[in-house]
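Let's take a friendly walk through this protein, from the way its helices pack to the way its rings meet. Have the viewer open as you read.

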Amino acid sequence: MATHGVSSAKRASSAAIVAVGQMCSTDDKADNLRQVEELVRRAKAKEAKMLFLPECCDFVVRDKSQLLCLAEPIDGQLMAKYRELAKCHQIWLSLGGVHELKASGNGEPNNKTYNAHVLLNDKGELAGVYRKLHLFDVQTEEVNMMESSYVEPGNSLERPFVTPAGRLGLQICYDLRFSETALLLRKLGAQILTYPSAFTYTTGKAHWEILLRARAIETQCFVVAAAQQGWHNPKRQSWGHAMIISPWGKVLADCGEEALCVATAEVDLSMIEKLYKSMPCFEHRRNDIYSLTAFNLKLPNAEDAQDRAFANNTVDKRTIFYESEHCYAFTNLRCVVEGHVLVSTKRVTPRLNGLNCAEVTDLFATVCMIQRMLEKVYGTTSATVTVQDGAQAGQTVPHVHFHVMPRRNGDFGHNDQIYVKLEDHSENMPPRTLQERIDEAEKYRVYLQGSS
């Protein structure tokens with residue numbers, strides 16, 4: 001029997017009811033949609049602001065040959081029906097893993113799909129998409145599955161999305177076994193982590209609840225995990241037990257082994273704030289000794305942008321085109337070559353030897369990402385990446401920063417002239433206007449958004 005965690009007490013303004021769904025998908029898409037519709041009705045009747053649906057809520061195939069026939073693009077007919085459901089019932093939907101038809105480079109269908117976690121708002125609009133990073137390639141006595149044979153892995157972690165329940169970090173099923181992404185999402189501001197799944201019966205019985213509670217405890221986040229349950233076909237059985245877990249690791253809701261079920265719980269963000277103060281684990285992390293950095297993150301929300309200090313100078317936020325946890329990239333006042341940009345640290349630090357481990361790791365990852373972006377934007381195959389560490393090395397602004405410059409044939413008479421140009425550029429080159437730098441930054445932002 002499902003357990004529910006919503007009390008009748010007056011709810012705080014920082015609290016919202018969320019619903020977690022459990023179902024048993026088959027290769028009958030129409031029947032699966034009817035199950036989703038029923039779960040939506042039940043969640044709305046329980047006054048839930050959000051409903052979390054499991055991985056494979058669209059379908060589970062009997063045979064891989066069905067996959068490409070049943071899969072649809074994100075803008076396909078089935079997604080249109082999901083969007084209409086969200087809009088009609090005015091409820092946010094987490095579609096925890098649909099088979100997204102992947103187009104190849106020439107526009108023809110590919111032989112693989114993405115496992116895509118799609119987030120819809122209560123107006124039926126697309127609020128976010130995460131494509132599963134870790135694919136379930138496992139061979140044991142009980143389980144033999146090679147997800148990578150028919151699914152293309154995603155290429156980036158998504159920043160948490162703002163929802164009525166809190167900032168939501170999207171994951172899918174097997175991602176649950178990788179604590180690194182959970183910790184990164186928490187560092188990026190997640191208050192809720194979601195792991196919609198179709199856990200096998202064998203692995204679910206052994207590890208499901210333990211892993212969910214571990215992710216909640218170590219990140220100090222709520223965890224919501226929708227689940228598939230029962231026999232999808234004669235060859236595949238899922239564990240069930242869709243759950244909602246508190247940041248303290250307490251099970252707030254459990255759908256048990258019911259075939260079609262909605263369980264609800266109150267997500268009270270004030271609980272997180274109290275926990276942060278009483279047990280500030282993330283403040284105790286030894287960033288001077290170890291680090292964890294995400295590569296290829298999407299752009300942060302525009303409303304979070306702010307001016308940044310560059311030694312004693314202020315960098316206008318409109319000239320900043322990318323930010324990571326510890327760094328930011330911005331357009332240059334004086335350029336040695338076209339596309340010459342700077343990457344600096346958010347913390348004002350004069351030299352490299354003043355950076356901690358987390359800043360060093362994040363800085364270099366960001367520099368590499370920006371270098372790759374510039375080469376694609378300008379169609380080049382080479383770049384000069386350099387840092388002037390100290391006044392005697394030519395550093396004119398006492399704040400760690402890298403110069404990233406896409407290179408072309410004939411830039412200079414001989415290659416080393418670029419270092420002479422760097423030394424001279426602060427005095428002899430005319431400064432560019434603020435508008436020129438803003439326009440260039442916008443070009444990069446558009447590219448980064450389009451490549452995500």
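## Two helices that cross

Two helices count as roughly perpendicular when the angle between them is 65 to 115 degrees. Keep that range in mind for this predicted model. Helix 7 (residues 357-378) packs against helix 9 (residues 434-450) at an angle of about 95°, and their axes are 11 Å apart. The two helices are therefore roughly perpendicular to each other.

If you would like to find the contact on screen, look on helix 7 for Met369, Met373, Leu374, Lys376, Val377 and Tyr378. Their counterparts on helix 9 are Glu440, Lys443, Tyr444, Tyr447 and Leu448.

## The sheet beside helix 9

Helix 9 also lies across strand 19, strand 20 and strand 21, and runs at about 40° to strand 19. These strands belong to an open sheet of 5 strands, ordered 19-20-21-23-22, with antiparallel pairing. Strand 19 (320-323) and strand 22 (382-387) each have a single partner strand, so one side of each has no neighbour in the sheet. From one strand to the next, the twist averages 20°.

Within this sheet, strand 20 (residues 327-331) and strand 21 (residues 341-345) run antiparallel and are joined by 5 bridges. For a landmark, find Thr331, which stands opposite Val341 in strand 21.

## A hairpin

Strand 12 (residues 227-233) and strand 13 (residues 236-239) form an antiparallel pair over 4 bridges. With 2 residues between them, the two strands make a hairpin. Here Trp231 stands opposite Gln237 in strand 13.

## Aromatic pairs

Now for the rings: the structure holds 8 aromatic pairs. One of them joins Tyr174 and Phe178 in an edge-to-face arrangement, with 5.2 Å from centre to centre and 85° between the planes. Tyr174 is buried, at a relative accessible area of 16%, whereas Phe178 is partly exposed, at 24%. Together with Phe136, Tyr174 and Phe178 form one aromatic cluster.

What is the arrangement of the rings of Phe199 and Trp208? Planes under 30 degrees apart would count as stacked and over 60 as edge-to-face, with the rest tilted. The planes of Phe199 and Trp208 stand at 55°, so this pair is tilted, with ring centres 4.9 Å apart. Both Phe199 and Trp208 are buried.

## Arginines over rings

Two arginines are worth a look as well. Arg131 lies over the face of Tyr114, 5.2 Å from the ring centre. Arg285 lies over the face of Phe282, at 4.6 Å from the ring centre.

Definitions and conventions:
Residues numbered from 1 in each chain as written. Predicted model: local features only at pLDDT ≥ 70, side-chain atom pairs only at ≥ 80, totals over all residues. Heavy atoms only, no water. Phe/Tyr/Trp six-rings, centres within 6.5 Å; stacked < 30°, edge-to-face > 60°. Buried < 20%, exposed > 50% of the residue type's maximum accessible area, 1.4 Å probe, protein only. Lys NZ or Arg CZ within 6 Å of the ring centre and 35° of its normal. Pairing = 2+ DSSP bridges. Axes fitted to C-alpha atoms, helices over the stretch in contact; angles between N-to-C directions. Parallel < 35°, antiparallel > 145°, perpendicular 65-115°, else oblique. Contact = heavy atoms within 4.5 Å.
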